[in-house]
Amino acid sequence: MATPAVNNNNTEIEKVKSPSGFKIIVREFIKDKVALISLILFLGIVLYVYIYSMGLDTKEVTRVDIFNQFQEPGPVHWLGTDYGGRDVYNQLILGARNSLTIGIAITLITSIIGIALGLLAGYYGGWVDNVVMRTVDFVLVLPALMIIIVYVSIVPEFDVRKFIFIMSLFYWTSKCRLIRSKALAEREHEYVAASKTLGTPDWKIMLFQVLPNLSSIIIVNMTLNLAGNIGIETSLTYLGFGLPESVPSLGTLISYSRNPEVMENKPWVWLPAAILILVLMLCINFIGNALKRAADARQRLG
Amino acid sequence: MANQPLLQIKNLTTSFRIQDEYYPAVDNVSLNVNENEVLAIVGESGCGKSALALSIMRLHNELNTKLEGEVNFKGQNLLSLSTAEMNKYRGKEMGMIFQDPLTALNPLMRIGQQIEEAMRNHLDLSDAEMKARSLELLKKVGIPNPERTYMQFPHELSGGMRQRVVIAIAISCEPKFLIADEPTTALDVTIQAQILDLMLELQEQMKTGIILITHDLGVVAEMADRVAVMYAGQIVEIADVYTLFRNPLHPYTRSLFNSIPSAAEGSDRLHVIQGIVPSLKNLPRTGCRFSNRIPWIKESAHESNPTLHEVEKDHWVRCTCYQDFHFPGDAEAEKI
Ligand SMILES: Nc1ncnc2c1ncn2[C@@H]1O[C@H](COP(=O)(O)OP(=O)(O)OP(=O)(O)O)[C@@H](O)[C@H]1O
Ligand code: SF4
Ligand SMILES: [Mg+2]
């Protein structure tokens, strides 16, 4: 989403990208039909959800209408309604949009923090590395889930933005570690030293030489992370520590199934959301694995 | 001005931090390189040749390396410069050629872009001018099809071609001084000769001062004007190439010469230097560093703290006891 814009400002990034890397990815997807279908399906769902939801108003969709309680799927509400008489289909679309937005935003924010700090730590080493890694250790010993749950309970008007914020605060550490260890290995390659002998400043070497060489690892990691981050949102909300009902997400819809009556007799409320989650997760994982194989293949080809 | 050496290293000590302690890999080294002169540095693996080269360019990670002494380039002490100031010298005034041309090139960047890197840093040229100059450079280093190579990636080239590209990159801003750290070690023998010829040709054209690091005495004989022999971080002998080949004095230099077939001194037996270069942490800090590798020499013959002596004009040798040195089997012969 944000990536094309970045590339436009920075033609340099685009130039250094090896077309052979891109070709290998294409080849991998053509070879692996499941991954290809997953990719098409995933992009289709994302596009549909974002476009359709532009015509929806959250207030409107989540307005309680007692007289329409638990309508079965039919021509008016074609996925039925929930206990508040709210249309499930519209909630599903809004919920999917919110869940995807949360997943993507957390992935992007944690990636930016993790990549920036990891790159600095790995490239410079020494005390820079020490400071960053001690910070990572500190964040890791914090009981993240507890803090998130407490934060959710005490903060008034909990919404998507606050959720993204609190999650991003804790989930950048593993990325930081990964990038740091890769950068540590990458800086030992002679092309880094060679670049220095040409008078190129460190920040340019980091950004335009080391980072592109880590791009395949980053892309694979981000993809698989996206699935995880959507999952965390859903499970927290399901447990009641995520988004409130006024902000529909896939988690809120599934959490209606905590009521045994709904669970057994009104599957139209929660089943579509559950299936959508499953499909999204599977798609992302298949895509991620294909990307991973492409990255490995590229490593083999050198 | 004419008498001032291009590069003058004074008492350079490079220490690496290993577990909170600094160990010198280059120990109190002083040497000069003049314009239009090739100085070869020879020595076994691990004796600190690369550490010395990287110190001159200040490429060591400054967070765990300590540099002491002076590296004067055209009268300016490089060690006192900030990184930004240092970057004005790197690539413009001084360049470096690395051992392995595959890893010295960025696998994701086109050759053309890599050649233009230094120009982009130092010269104010338009894209078209840079491209023209790159193609010219590629031609100069003997690339048969510059237009094509300009657009290629490193993995599409052979080892020899890559090393030519690496050389083209190093000379792209016509530096007055070059360091070549084992530029041919990673190449096969026929290509080695071609690359050396190319370097010699360019050196004569551009009158560059070069530090050539190698452990191949054949390369030294072909390329060098002067030779410095390094052992365990120190220079043990330095002289012009004729003097050194005619009259090697230091026990380590003689051991080196005696350990290669063609130059073996006198006897038809090859000498194998006993033991290995001690690792940084185990380096003896006092007394002589080489004594334990020539155990047949009497304890009393060694100097306690050997220093460099000028034995003839511009021929320096560490320690005076070389006068008593002999190889094991030659002891009797020398007595008569
Ligand atoms: N960054 C570093 N940190 C710690 N020790 C180092 C570092 N670089 C080199 N050394 C040590 O310094 C000594 C000299 O190494 P150097 O690479 O200069 O040897 P060399 O003469 O270039 O050997 P070769 O012929 O194998 O290239 C070695 O003992 C090496 O282990
Ligand atoms: S004391 Fe002199 S001769 Fe003996 S090992 Fe040392 S440098 Fe060589
Ligand atoms: Mg070396």
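**Exercise 1. A helix over strands**

Task: In this predicted model, find which strands of chain B helix α1 lies across, and give its angle to β1(B).

Solution: Start by locating helix α1 of chain B at residues 49–56. Next, look at the strands beneath your cursor. The helix lies across β1, β2 and β4 of chain B, with β4 covering residues 65–73. Finally, compare directions: α1(B) runs at about 110° to β1(B).

**Exercise 2. The four-stranded sheet**

Task: Work out the strand order of the open sheet of four strands in chain B, and say which strands stand at its edges.

Solution: Begin with the order, which is β2-β1-β4-β5 in chain B, with antiparallel pairing. Then check the ends of that order. Strands β2 (21–33) and β5 (76–77) of chain B each pair on one side only, which makes them the edge strands.

Now take one pair of neighbours. Strand β1(B), residues 7–18, joins β2(B) in the antiparallel sense through nine bridges. Two of the partnerships are easy to trace: B:Thr14 is bridged to B:Val26, and B:Phe16 to B:Tyr23. To finish, follow the chain from one strand into the other. β1(B) and β2(B) form a hairpin with two residues between them, and B:Gln19 in that turn has a positive phi of about 45°.

**Exercise 3. The eight-stranded sheet**

Task: Give the order of the eight strands in the other open sheet of chain B, and explain why β6 and β11 of chain B each have one side without a neighbour in the sheet.

Solution: Read across the sheet to get β6-β7-β8-β3-β9-β10-β12-β11 in chain B, with mixed pairing. β6(B) and β11(B), the latter at residues 308–312, stand at the edges with a single partner strand each, so one side of each lacks a neighbour in the sheet. As for twist, neighbouring strands here are turned by 20° against each other on average, direction ignored.

A parallel pair makes a good close-up. β3 (residues 38–42) and β8 (residues 209–213) of chain B pair in the parallel sense over four bridges. Within this pair, B:Leu39 stands opposite B:Ile211 of β8(B).

**Exercise 4. Where chain B meets chain A**

Task: Describe the interface of chain B and chain A by its area, its contacts and the elements that supply the chain B side.

Solution: First, the extent. Contacts link 29 residues of chain B with 29 residues of chain A. The area buried between the two chains is about 2,400 Å², and carbon and sulfur atoms give 54% of that. B:Leu63, B:Leu108 and B:Glu117 supply 25% of the area that chain B buries against chain A, more than any other three residues.

Second, the interactions. The rule finds zero salt bridges across this interface, but 13 residue pairs in polar contact.

Third, the elements. β6 (94–97) and α3 (111–122) of chain B each supply at least two residues of the side that touches chain A. α3(B) gives the most, with six residues. By class, that side of chain B has 14 nonpolar, 11 polar and four charged residues.

**Exercise 5. A salt bridge within a helix**

Task: How far apart are the closest N and O atoms of A:Asp137 and A:Arg134, and how are these residues placed in helix α7 of chain A?

Solution: The structure holds 12 salt bridges over all chains. One of them joins A:Asp137 to A:Arg134, with the closest N and O atoms 3.2 Å apart. Now place both residues in α7(A), which spans residues 126–141. Because they are three residues apart in this helix, about one helical turn separates A:Asp137 and A:Arg134.

How values were computed: Residues are numbered from 1 along each chain as its sequence is written. Chains are lettered from A and ligands numbered from 1 in the order in which they are written. This is a predicted model: local features need pLDDT of at least 70, side-chain atom pairs count only at pLDDT 80 or more; totals for chains, interfaces and linings use all residues. Side-chain values use heavy atoms; hydrogens and water are left out. Two strands pair if DSSP finds at least two bridges between them. Contact means heavy atoms within 4.5 Å. Axes are lines fitted to C-alpha atoms, for helices over the stretch in contact, and angles run from 0 to 180 degrees between N-to-C directions. Buried area is the accessible area (1.4 Å probe) that two parts lose on being put together, summed over both. A salt bridge is a side-chain nitrogen of Lys or Arg within 4 Å of a carboxyl oxygen of Asp or Glu. A polar contact is a pair of N or O atoms within 3.5 Å; within protein, one must be able to donate a hydrogen and the other to accept it, and residues adjacent in sequence count only if both atoms are side-chain atoms. Ala, Val, Leu, Ile, Met, Phe, Trp, Tyr, Cys and Pro count as nonpolar, Asp, Glu, Lys and Arg as charged, and the others, Gly among them, as polar.
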